Amino acid sequence: EFDVVDYGDLAFDYADVSAFPERLTDHIRSILAAGTGSLSLGGDHYVTLPLIRAHAKHYGKMALVHFDAHTDTYPNDTEIDHGSMFYHAPKQSLIDPKHSIQVGIRTEYRPEDHEFEVIDAAQANDMSANDIVASIIKRVGDLPVYLTFDIDCLDPAYAPGTGTPVVGGLTTDKALRIIRGLKDVNIVGFDLVEVNPAYDHADITALAGATIVLEYLYLLAHKKHQASL
């Protein structure tokens with residue numbers, strides 16, 4: 001038996017934007033404290049930072065598995081936005097970059113700017129899904145893992161409905177194969193972000209996002225089944 005509950009939306013107060021990150025962290029902490037898990041749907045990829053804060057307080061330092069076209073590690077010491085949250089997360093000791101990995105990157109980045117392992121999109125498209133899975137498993141080790149999936153990791157042919165599409169991305173088939181391969185990884189939290197219905201057509205992006213979420217639910221069901229044996 002595997003129970004899934006739609007907990008609803010966390011209301012965003014446009015009159016008090018600065019309070020939202022802490023509200024989100026506290027909200028997820030209460031869910032984790034009840035002995036269950038969290039699957040979150042964004043929104044702006046910035047939401048991953050308050051989500052990770054909640055999980056880190058519950059699980060300690062984690063590894064990050066990050067699917068994206070962008071590294072989101074752009075140095076910005078004055079503010080945190082959807083392009084810099086993974087610059088700040090290691091500095092706040094929320095994730096261990098030496099055990100974290102990014103898949104699908106295809107915008108400019110400098111390896112010296114961060115310690116994440118990167119499998120860029122060109123490499124990922126040449127590798128088999130099994131080889132990518134093996135690289136992820138090797139990188140994260142025994143740490144609890146937070147998995148974040150920015151829908152723009154997929155090529156715009158498979159996910160046109162997003163704010164910052166970049167050509168040359170992964171297919172939905174490869175992404176699903178990779179996620180299925182993570183069935184024995186200790187994933188403790190998950191989010192899927194950056195689906196923008198205003199830019200979608202024929203529900204292509206929404207369907208891709210929903211199917212990725214479903215695959216993650218299968219991982220949770222597998223984990224529960226294994227624990228019961």
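**Exercise 1.** Decide whether Ala-202 is buried, partly exposed or exposed, and describe its backbone and its place in the chain.

*Solution.* The relative accessible area of Ala-202 is 71%, so Ala-202 is exposed, where exposed means over 50%, buried under 20% and partly exposed in between, with a 1.4 Å probe and protein chains only. The model is predicted, so local features need pLDDT of at least 70 and side-chain atom pairs count only at pLDDT 80 or more, whereas totals for chains, interfaces and linings use all residues. Residues are numbered from 1 along each chain as its sequence is written, and side-chain values use heavy atoms, with hydrogens and water left out.

Turning to the backbone, Ala-202 has a positive phi of about 55° although it is not a glycine. As to its place, Ala-202 lies in the loop between strand 6 (187-193) and helix 7; helices (H or I, at least four residues) and strands (E, at least two) are DSSP runs, numbered from the N terminus.

**Exercise 2.** Locate Ser-93 and state what its phi is, then do likewise for the cis peptide bond at Gly-42 and Gly-43.

*Solution.* Ser-93 is not a glycine, yet its phi is positive, at about 60°. The residue sits in the loop between helix 3 (85-91) and strand 3 (101-105), and because its relative accessible area is 44%, Ser-93 counts as partly exposed.

The peptide bond that joins Gly-42 and Gly-43 is cis, with omega at about -10°, and Gly-43 belongs to the loop between strand 1 (39-41) and helix 2 (48-59).

**Exercise 3.** Determine how many aromatic pairs the structure holds, and work out the geometry of the pair Phe-12 and Tyr-14 and of the pair Phe-67 and Phe-149.

*Solution.* The structure holds four aromatic pairs, a pair being rings of Phe, Tyr or Trp (its six-membered ring) with centres within 6.5 Å, called stacked for planes under 30 degrees apart, edge-to-face over 60 and tilted for the rest. One of them joins Phe-12 and Tyr-14, whose ring centres are 4.9 Å apart and whose planes stand at 75°, so this pair is edge-to-face. Phe-12, at 36% relative accessibility, is partly exposed, while Tyr-14, at 71%, is exposed.

The pair of Phe-67 and Phe-149 is stacked, with 5.0 Å from centre to centre and 20° between the planes. Because Phe-67 lies in strand 2 (residues 63-67) and Phe-149 in strand 5 (residues 145-150), the pair ties together parts that are 82 residues apart in sequence. Phe-67 is buried at a relative accessible area of 0%, and Phe-149 is likewise buried at 0%. To complete the picture, Phe-12, Tyr-14 and Phe-20 form one aromatic cluster.

**Exercise 4.** Describe how helix 6 packs with helix 7 and how helix 5 packs with helix 6.

*Solution.* Two packed helices are described by the angle between their axes and the distance between the axes. Helix 6 (residues 172-180) and helix 7 (residues 204-228) pack with their axes 9 Å apart and at an angle of about 15°; the axes are lines fitted to C-alpha atoms over the stretch in contact, and angles run from 0 to 180 degrees between N-to-C directions. Helix 6 and helix 7 are therefore roughly parallel to each other, given that under 35 degrees counts as roughly parallel, over 145 as roughly antiparallel, 65 to 115 as roughly perpendicular and the rest as oblique.

In this contact (heavy atoms within 4.5 Å), Thr-172, Leu-176, Ile-179 and Arg-180 of helix 6 meet residues of helix 7 including Ala-208, Ile-212 and Leu-219. By class, the contact has six nonpolar, two polar and two charged residues, with Ala, Val, Leu, Ile, Met, Phe, Trp, Tyr, Cys and Pro counted as nonpolar, Asp, Glu, Lys and Arg as charged, and the others, Gly among them, as polar.

The axes of helix 5 (residues 129-140) and helix 6 come within 9 Å and cross at roughly 45°, which makes helix 5 oblique to helix 6. Here Ala-129, Ile-132, Val-133 and Ile-136 in helix 5 meet Lys-174, Arg-177 and Ile-178 in helix 6, and these residues divide into five nonpolar, no polar and two charged.

**Exercise 5.** State where Asn-76 is found and whether it is buried or exposed.

*Solution.* Asn-76 is found in the loop between strand 2 and helix 3, and at 17% relative accessibility Asn-76 counts as buried. Leaving aside neighbours within four places in sequence, Asn-76 is in contact with Asp-81, Ser-84, Tyr-87 and His-88.
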